[in-house]
Amino acid sequence: MPGGDGVSDSSEARRYRALFISDVHLGTKGCQADLLLDFLKYHDADTIYLVGDIVDGWRLKSSWYWPQKHNDVVQKLLRKGRKGTRMLYLPGNHDEFLRDYYGTHFGGIEVVETAIHEAADGKRYLVIHGDVFDLVVRHAKWLAFLGDWAYSAALTVNTYLNKVRRRLGLTYWSLSQWAKLKVKNAVNYIGKFEEAVAEEAKRHQVDGVICGHIHHAVIHDQFGVRYVNCGDWVESCTAIAEHEDGHLEIICWTRNLEKAPSEERDMVEGARAAA
């Protein structure tokens, strides 16, 4: 069972009732494809929700980047679908090209705009990527592109910073995630986003919302409904899992690296540095 922060540290293979994964950003150098493949090896579910920005169409339009590991992630997900896992894909703003295909299937993966997930405890959750509640994305797309460029630059700096940290025997640390939580405007932005998404859940008369978009994994009840964010697979490497009793938890896969055997940890960390 998870600790008091709701984050699991277990590295044992587990099967869940549902898994929610968002913001993988396949097609970018910052994507932690190796860690996601490792996560998918140890975690399975009856239903897997891909909650947007799985593929980064914005970046692929400007420069093509698609290493074998990114293709392996796609094949791994398709394989899970063939083995009986229900797969639902809810496109976000970075993979908005898929929004023309609502209601269709790709290799057994259903493409839908939103979904209502009913948990084992009877609670109902609106599942949505969340970019429609981001005023920057909706009304100033040029600014969103600029912010995306700045974010990518921060991830590049983060890669070199963590190379130095590894040589000093220190654990992985995310510069961009730290900045988001320390800069006042960023904290205010996160709060406003969460409140807007929570209001949408109330409008749908459900018990909560499960979303992505802002790369900040959290579970709380501050706005009158359960707010759940999947996080991302660029910096935090997190997913949301629903247990058989309906309990939701955040699984942080980078935490498991600290407990893994040194040889395996060095291999995965090396793959992360090369991403």
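This is a guided tour of a predicted model, with a residue or element to select at each stop.

**The whole chain**

Start with the protein chain in a cartoon view. Its secondary structure comes to nine helices and 13 strands. The chain has 275 residues, and buried residues make up 51% of them. Switch to a surface view, and the accessible surface comes to about 13200 Å², with 53% of that area belonging to carbon and sulfur atoms. Now consider contacts between residues at least 6 apart in sequence: 67% of these join residues at least 24 apart.

**The largest nonpolar core**

In soluble globular proteins, nonpolar side chains tend to be buried together. To see a case here, select Ile21, Val24, Leu36, Phe39, Leu50 and Trp233, the residues with the most contacts inside the largest nonpolar core, which has 31 residues. Which elements give two or more residues to this core? They are strand 2 (14–21), helix 1 (33–42), strand 3 (43–50), helix 3 (68–82), strand 4 (86–89) and strand 12 (238–242). Helix 1 gives the most, with six residues.

Stay with Leu36 for a moment. Apart from neighbours within four places in sequence, Leu36 is in contact with Ile21, Val24, Val73 and Trp233.

There is also a second, separate core, this one of 18 residues. Select Phe20, Tyr49, Ala217 and Cys230, which are among its members.

**Strand 9 and its partners**

Next, select residues 208–211, which form strand 9. In a regular strand the side chains alternate between the two faces of the sheet. Here Gly208 and Ile210 point one way, Val209 and Cys211 point the other way, and all are buried.

Add strand 8, residues 124–127, which pairs with strand 9 in the parallel sense over three bridges. To find the place where they meet, look at Tyr125, which stands opposite Gly208. Then add strand 11, residues 226–229: four bridges join it to strand 9, and the two run parallel. On this side, Cys211 stands opposite Asn229.

Follow the chain on from strand 9 to His213, in the loop between strand 9 and strand 10 (218–220). Is His213 buried or exposed? His213 counts as buried because its relative accessibility is 10%, under the 20% limit. Its phi is near 80°, a positive value in a residue other than glycine.

**His117 and its polar contacts**

Select His117, which is in strand 7 (residues 115–118). His117 has 6% relative accessibility, so it counts as buried. Which side chains make polar contacts with the side chain of His117? One is that of Tyr49, at 2.9 Å. Another is that of Glu242, at 2.6 Å.

Now show the surroundings of His117. Leaving aside neighbours within four places in sequence, the residues in contact with His117 are Arg17, Ala18, Phe20, Tyr49, Lys123, Arg124, Tyr125, Val127 and Glu242. Tyr49 and Phe20 were also selected at the second core, and Tyr125 at the pairing with strand 9.

**Ala120, in a loop**

Move along to Ala120, in the loop between strand 7 and strand 8. Ala120 counts as partly exposed because its relative accessibility is 37%, which falls between 20% and 50%. Not counting residues up to four places away in sequence, Ala120 touches Arg17, Glu242, Glu244, Asp245 and Gly246. Draw a distance from Ala120 to Arg17: these residues are 103 apart along the chain, and their C-alpha atoms are separated by 8.1 Å.

**The cysteines**

Last, select the cysteines and show their sulfur atoms. How many disulfides are there? The count comes to zero. Take Cys31, where the nearest cysteine sulfur, that of Cys237, is 8.6 Å away. Cys31 counts as buried, because its relative accessibility is 1%.

Why does Cys252 form no bond of this kind? The closest cysteine sulfur is again in Cys237, and at 7.4 Å it is too far for a bond, since a disulfide needs sulfur atoms within 2.5 Å. Cys252 has 11% relative accessibility and therefore counts as buried.

End at Cys237 itself, in the loop between strand 11 and strand 12. With 0% relative accessibility, Cys237 counts as buried. Its phi is near 55°, a positive value in a residue other than glycine.

Note on methods. Residues numbered from 1 in each chain as written. Predicted model: local features only at pLDDT ≥ 70, side-chain atom pairs only at ≥ 80, totals over all residues. Heavy atoms only, no water. Buried < 20%, exposed > 50% of the residue type's maximum accessible area, 1.4 Å probe, protein only. Pairing = 2+ DSSP bridges. Polar contact = N/O pair within 3.5 Å; in protein donor to acceptor, adjacent residues only side chain to side chain. Contact = heavy atoms within 4.5 Å. Core = buried A, V, L, I, M, F, W, Y, C linked by side-chain atoms within 4.5 Å. Areas by Shrake-Rupley, 256 points an atom, 1.4 Å probe, with all protein chains shown as cover.
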